[in-house]
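This briefing covers a pocket, a charged pair and a surface patch. Please look over the sequence and the model before reading on.

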Amino acid sequence: KEPMDLNYTLEQMDSTDIYRTFHPTGSEYTFFASANGSFSRIDHMLGYKTSLKTVKKIKILSTNT
């Protein structure tokens with residue numbers, strides 16, 4: 001239910017996940033849970049659909065911590 005609520009809210013705000021627009025099948029992750037060894041993407045790059053024409057490139061960068 002929650003993803004449907006989020007999608008509805010984004011649609012009402014004329015917003016979108018810009019990263020998913022440019023990388024619809026991408027499998028990059030931003031979080032690794034060492035307790036269970038799982039990867040997930042816990043953030044979204046939200047923006048108005050009208051601003052998509054100003055975005056040239058978007059990517060997730062790796063860091064060593």
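Is Glu11 buried, partly exposed or exposed? Glu11 is partly exposed, with a relative accessible area of 48%. The model is a predicted one, and Glu11 recurs below in both the salt bridge and the pocket lining.

**Salt bridge**

- The count of salt bridges comes to one.
- The side chains of Lys49 and Glu11 form a salt bridge, with N and O 3.2 Å apart.
- Glu11 belongs to helix α1 and Lys49 to the segment after β4 (46-48), so the pair ties together parts that are 38 residues apart in sequence.
- In general, side chains of opposite charge can pair when their charged atoms come close.
- Lys49 is partly exposed, because its relative accessible area of 29% falls between the limits of 20% for buried and 50% for exposed.

**Largest pocket**

- The volume of the largest pocket is about 150 Å³.
- Both salt-bridge partners, Glu11 and Lys49, are among its lining residues.
- The lining also includes Leu6, Asn7, Leu10, Ser15, Thr16 and Asp17, and Arg20, Arg41, His44 and Leu46 are further members.
- Two elements, α1 (2-12) and β1 (15-17), give two or more residues each to this lining.
- Helix α1 supplies the largest share, four residues.
- By type, the lining residues divide into five charged, four polar and three nonpolar.

**Helix α1 and what follows**

- Helix α1 is hardly covered: one of its eleven residues counts as buried.
- Asp14, just after α1, has a positive phi of about 55°.

**Helix α2**

- Thr21 sits in helix α2, which covers residues 18-22.
- Thr21 is partly exposed, at 39% relative accessible area.
- From Thr21 to Leu10 the C-alpha distance is 13 Å, and the two are eleven residues apart in sequence.
- Leu10 is one of the residues lining the largest pocket.

**Nonpolar surface patch**

- A nonpolar patch on the surface is formed by Tyr29, Phe32 and Phe39, which together have about 350 Å² of accessible area.
- Phe39 is part of strand β3, residues 38-40.
- Phe39 counts as exposed because its relative accessibility is 53%, and the cut-off for exposed is over 50%.

Terms used:
Residues numbered from 1 in each chain as written. Predicted model: local features only at pLDDT ≥ 70, side-chain atom pairs only at ≥ 80, totals over all residues. Heavy atoms only, no water. 1 Å grid on protein atoms, 1.4 Å probe; cavity = no way out; pocket = protein on both sides within 12 Å on 5 of 7 lines; lining within 4 Å. Points joined across faces, edges and corners; volume = space filled by probe spheres on them. Nonpolar A, V, L, I, M, F, W, Y, C, P; charged D, E, K, R; others polar. Buried < 20%, exposed > 50% of the residue type's maximum accessible area, 1.4 Å probe, protein only. Patch = residues over 30% accessible without salt bridge, like charges linked within 9 Å, V, L, I, M, F, W, Y side chains within 5 Å. Areas by Shrake-Rupley, 256 points an atom, 1.4 Å probe, with all protein chains shown as cover. Salt bridge = Lys/Arg side-chain N within 4 Å of Asp/Glu carboxyl O.
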